[in-house]
Amino acid sequence: MRIDILTVLPELLESPFGHSIIKRGQDKGLVEIHVHNIRDFSEDKHRRTDDYAFSGGAGMVMTIQPIESAINFLKAQREYDEVIYTSPDGVHLNQKVANNLSLANNIIILCGHYKGIDQRIREHMVTMEISIGDYVLTGGELAAAVIVDSVVRLIPGVLSDETSALTDSFQDNLLSPPVYTRPADYKGWKVPEILLSGNDKKINEYQEQQAYDRTRRLRPDLLK
Ligand code: ADE
């Protein structure tokens, strides 16, 4: 899979993909993540990428030209499954959206900034808008990082234990059961006896029951 991210603040995305599992996915050749500075595509003599809104009011709007040039530059090299715009207006990111995106070959993620992008880009070039929640961020970069993280870990081979993505919270509409590690007794805080029993069948049943109970208590909406 290849992910191209378009941003006016590439510095914001230097760290999130350079560590741990997402880095390993790239090192193994399972995913390529390329961050592009939209400013590099600006034909303005000051390399501007924003302008005043025709509607007036505070806040700048990202202009069409640099974004259109950047997207067309990428599209000339390969086909893209989606051109995603990060926006509070978009569909909410959830495990199903992440699962679907993990099947794509190539995606572009366009990060919004300021007051947003010129609506015509959304109408003519964007194929999908994704929100990471009902709150407003200063820009789309952190949303892009969240989307990439949730998608890349689902690509087969990225997680070392292939089964671990399958037991994630939400993967079957259930929250994950609690987990414990050594010591079995920390100053009197004890691990549930059954997990120490060595009986795999009993442990699985217990874990399933815990997942169900937890979901019913914390996120009953998931069980509907
Ligand atoms: N840009 C600003 N706020 C956002 C949000 N909640 N989700 C995605 N992109 C955003």
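This briefing walks through a ligand site and a few backbone features. The model is predicted: local features need pLDDT of at least 70, side-chain atom pairs count only at pLDDT 80 or more, and totals for chains, interfaces and linings use all residues. Residues are numbered from 1 along each chain as its sequence is written, and side-chain values use heavy atoms, leaving out hydrogens and water.

**Around the ligand**

- The residues surrounding the ligand (a heavy atom within 4 Å of it) include Thr86, Ser87, Pro88, Tyr135 and Ala143.
- This shell divides into seven nonpolar, four polar and no charged residues, where Ala, Val, Leu, Ile, Met, Phe, Trp, Tyr, Cys and Pro count as nonpolar, Asp, Glu, Lys and Arg as charged, and the others, Gly among them, as polar.
- Strand β5 (82-92) and strand β7 (128-131) each supply at least two shell residues; strands are DSSP runs of E with at least two residues, and helices are runs of H or I with at least four, numbered from the N terminus.
- The largest share, three residues, comes from β5.

**Polar contacts of the ligand**

- A ligand nitrogen atom lies 3.2 Å from a polar backbone atom of Ser87.
- For Gly133, a polar backbone atom is 3.0 Å from a nitrogen atom of the ligand.

**Backbone features**

- Arg182 and Pro183 are joined by a cis peptide bond with omega of about 5°, and Pro183 lies in the loop between α5 (141-152) and β8 (185-186).
- Asn173 is in the loop between α5 and β8 and has a positive phi of about 65° although it is not a glycine.
- Ser20, in helix α1 (residues 20-27), is not a glycine either, yet has a positive phi of about 50°.

Notes. Polar contact = N/O pair within 3.5 Å; in protein donor to acceptor, adjacent residues only side chain to side chain.
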